[in-house]
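Let's take a walk through a small piece of protein architecture. Have the sequence and the 3D view ready, and follow along as we go.

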Amino acid sequence: MVGFSLVTTTEEAMKENSIGQLWAKFHQNGLAEKIPALSSKRIFAVYSDYENQHFGRYRLTIGYAVENTGNIPEGCEGVEVVAGHY
């Protein structure tokens, strides 16, 4: 998937409303039109890169599924989501 990311902790996110700000950025940016390999307009929010389970820093990425991450728009990041039951 490709989208906007932030690295935070639960405490920081609550204090700074950074997750709310990330969602606002996502909805205001028109990202779907900027991704050439978009496979659908279904929105995904992926939590990854946990430092210490749910106690430490983690990455949240909000974006769209893509066929490949070869052409990521500026300011965005790619995240590989392995198929499985979550």
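Which residue in β4 is the bridge partner of V2? It's G78. Keep in mind that the model you're looking at is a predicted one.

**The sheet**

That bridge belongs to the pairing of β1 with β4, two strands that run antiparallel and are joined by two bridges. Zoom out and you'll find four strands making an open sheet, in the order β2-β3-β1-β4, with antiparallel pairing. At the edges sit β2 (38-48) and β4 (77-78), each of which pairs on one side only. Helix α2 packs on this sheet and touches β1, β2 and β3, and its direction makes about 165° with that of β1. As a bit of background, strands of a sheet pair through backbone hydrogen bonds, and they can do so in a parallel or an antiparallel way.

**A threonine in β1**

Now look at T8, which you'll find in strand β1 (residues 2-8). Is T8 buried or exposed? Its relative accessibility is 2%, so T8 counts as buried. The side chain of T8 makes a polar contact of 3.4 Å with the side chain of E12. If you skip the neighbours within four places in sequence, T8 is in contact with A13, S18, G56, R57 and Y58.

**Rings that meet**

Searching the whole structure turns up four aromatic pairs. Here are two of them, side by side.

| Pair | Centre to centre | Angle between planes | Type |
|---|---|---|---|
| W23 and F26 | 6.1 Å | 85° | edge-to-face |
| F26 and Y64 | 5.3 Å | 40° | tilted |

Both W23 and F26 belong to helix α2 (residues 18-29), where they are three residues apart, about one turn of the helix. Their surroundings are worth a look: W23 counts as partly exposed because its relative accessibility is 30%, while F26 has 3% and therefore counts as buried.

Why is the pair of F26 and Y64 called tilted? Its planes stand at 40°, and the tilted class covers angles that are neither under 30 degrees nor over 60. This pair links distant parts of the chain: F26 is in helix α2, Y64 is in strand β3 (residues 58-66), and their positions lie 38 residues apart in the count. Like F26, Y64 is buried.

Put the two pairs together and you get a cluster, with W23, F26 and Y64 linked by ring pairs.

Notes
Residues are numbered from 1 along each chain as its sequence is written. This is a predicted model: local features need pLDDT of at least 70, side-chain atom pairs count only at pLDDT 80 or more; totals for chains, interfaces and linings use all residues. Side-chain values use heavy atoms; hydrogens and water are left out. Rings of Phe, Tyr and Trp (its six-membered ring) pair if their centres lie within 6.5 Å; planes under 30 degrees apart count as stacked, over 60 as edge-to-face and the rest as tilted. Buried means under 20% relative accessible area, exposed over 50%, partly exposed in between (1.4 Å probe, protein chains only). A polar contact is a pair of N or O atoms within 3.5 Å; within protein, one must be able to donate a hydrogen and the other to accept it, and residues adjacent in sequence count only if both atoms are side-chain atoms. Contact means heavy atoms within 4.5 Å. Two strands pair if DSSP finds at least two bridges between them. Axes are lines fitted to C-alpha atoms, for helices over the stretch in contact, and angles run from 0 to 180 degrees between N-to-C directions.
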